[in-house]
Amino acid sequence: MSATLTPLTDLPAWKDLSAHAAALQSTTLRDLFAQDPTRGTRLHATAGDLYLDYSKHRITDETLAIFAQLAEQSNLRASTEAMFTGQKINITEGRAVLHTALRAPADSVVLVDGENVIPGVHAVLDKMAAFADSIRSGTWLGYTGKRIRNIVNIGIGGSDLGPVMAYEALKHYSQRDLTFRFVSNVDGTDFAEAVHDLDPEETLFIVASKTFTTLETMANAHTARVWSLAKLQHQAAVARHFVAVSTNAGEVAKFGIDTANMFGFWDWVGGRYSMDSAIGLSTMVALGPDNFRKMLAGFHTMDVHFRTAPWGQNLPFLMGALGLWYTNFFGAETVAVLPYDQYLKRFPAYLQQLTMESNGKHITIDGRHVTYNTGAIFWGEPGTNGQHSFYQLIHQGTRLIPCDIIAFAQSLNPLGQHHDLLMSNVFAQAEALAFGKTADQVRAEGTPEWLIPHRTFEGNRPTSTILAEKMTPEVLGQLVALYEHATFVQGILWQIDSFDQWGVELGKKLAVQIIPELESATEPTLNHDSSTNTLIRRYRALKRK
């Protein structure tokens, strides 16, 4: 159990932020830029290949100074070192939190219970690389001697969201004579559609489950086994068409997978932080070992930056503090992530688990109910699609929605003027959100007086713009690590445990209890609430039809 902390709202910096926010409520971004014409050239920071423009936020130099004071009063630097050095900062589960070790160089030393974990990390990476090369080169053959051409990743949560996001983000670098599919939902439609046009003789399944008992994953894995053997016929075929990412050798062997083809990881790797572990095996097969290691190097670049950069130039700290600023002092409830790159179409969904499973907590690490909001709701779609969907609400709605805009100076698929058209929208949207359009400006365009209120934009909507040269494996690693560490920053400042996920457990346990009630041949005795009992009975009646 953690020692009692000084409550966040009792910290001097928190009180200063509260007073400062009240003083800024009537100050607009128009005012801030008018008062400081150099603002746009000052309020930016870089790390690796990423450039962060945070000038279009409702902050001043005083805000940044108080942010830094809050970091010091919250012992953020010490907590950061505790994470990087393998201390058990996941309080409720008694675990270290060492996703940063997954991308540390081979000569690093990170001790957990007195053991350096880095050699084990690199041993798994080398094993993954050998396997990936065998698939990519065609030397790994299926049971009937045919080359493997289709790879289906079966997982859920972090075992799915990370691999599918990384595959889509880096598809440009993938081996195009291989087909990749991802199955996560226990809804049979997910599996059926994923394998609809595949040949079992040419298909390999990667089953990703640490315990090899995850309900949804194993249901899909057993269905995949039945689907494969319907054509391959022989049980021995399983060993050529299935590999496992797991730590449970007994269950893996029982399934029929050769444990030599089991890729392990550790209890200090949380699911939503695991895409750069063996969970990323499908990513490595798609990209090749060299590109996968480049992605790891990108992660490490951001790790070093976060660990060493001063707060005023520290990208994860700035983004984490800005998120707290709007959540706790301006009533914002969501963050829109708007990647102006089609390859990042799954990035907002990936961030939903990373951020909301991490910081969706209402109890502090020393057991008190929080008295402030934690964990913003993350959502978004690629631009420019979102502009024709939900931007109306961001521009003229009643809710304050801070936005993260992600863009690249070079397209991986240059076609005519497409990229300039795309990027013109990046800059135009950030400008329009910040400064809007006044009634006088609308009137000057000759707009009838009655229509002016409808065509006026208040502006004062905050944005961060993250700009890089182009999408590469290194840049993806930097982006993911940026949000990982920003999430960590918020968890430390909010005094919550960002690394457990007890909120996931209750529904899963109840589902296990309900399954036999749905499948019973006779009418079961139900002891749920009246609503649940009625729904179960209605489902059973409809199912019988």
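This report describes a parallel sheet, the helix packed on that sheet, and the largest pocket in a predicted model.

## The sheet

Five strands form an open sheet with parallel pairing, and their order is β6-β5-β7-β8-β9. Because β6 (179-183) and β9 (262-263) stand at the edges and each has a single partner strand, one side of each is left without a neighbour in the sheet.

Within this arrangement, strand β7, which covers residues 203-208, pairs with strand β8, residues 242-245, in the parallel sense over 4 bridges. In this pairing, I206 stands opposite V243 of β8. Helix α9, made up of residues 215-232, packs on the sheet and touches β5 (150-154), β6, β7 and β8, while the direction of the helix makes about 160 degrees with that of β7.

## The largest pocket

Rolling a probe the size of a water molecule over the atoms shows where empty space is left. In this model, the largest pocket holds about 1,100 Å³ of space, and 40 residues line that pocket, with T214, G271, Q501, E505 and K508 lying nearest its centre.

## Composition of the lining

Which helices each supply at least two residues of the lining of the largest pocket? They are α7 (158-169), α9, α15 (347-359) and α21 (505-519), and α21 provides the largest share of the lining, 5 residues. Helix α9 therefore appears in both parts of this description, since α9 packs on the sheet and also supplies at least two residues of the pocket lining.

Sorted by class, the lining of the largest pocket comprises 15 nonpolar, 14 polar and 11 charged residues.

Note on methods:
Residues numbered from 1 in each chain as written. Predicted model: local features only at pLDDT ≥ 70, side-chain atom pairs only at ≥ 80, totals over all residues. Heavy atoms only, no water. Pairing = 2+ DSSP bridges. Contact = heavy atoms within 4.5 Å. Axes fitted to C-alpha atoms, helices over the stretch in contact; angles between N-to-C directions. 1 Å grid on protein atoms, 1.4 Å probe; cavity = no way out; pocket = protein on both sides within 12 Å on 5 of 7 lines; lining within 4 Å. Points joined across faces, edges and corners; volume = space filled by probe spheres on them. Nonpolar A, V, L, I, M, F, W, Y, C, P; charged D, E, K, R; others polar.
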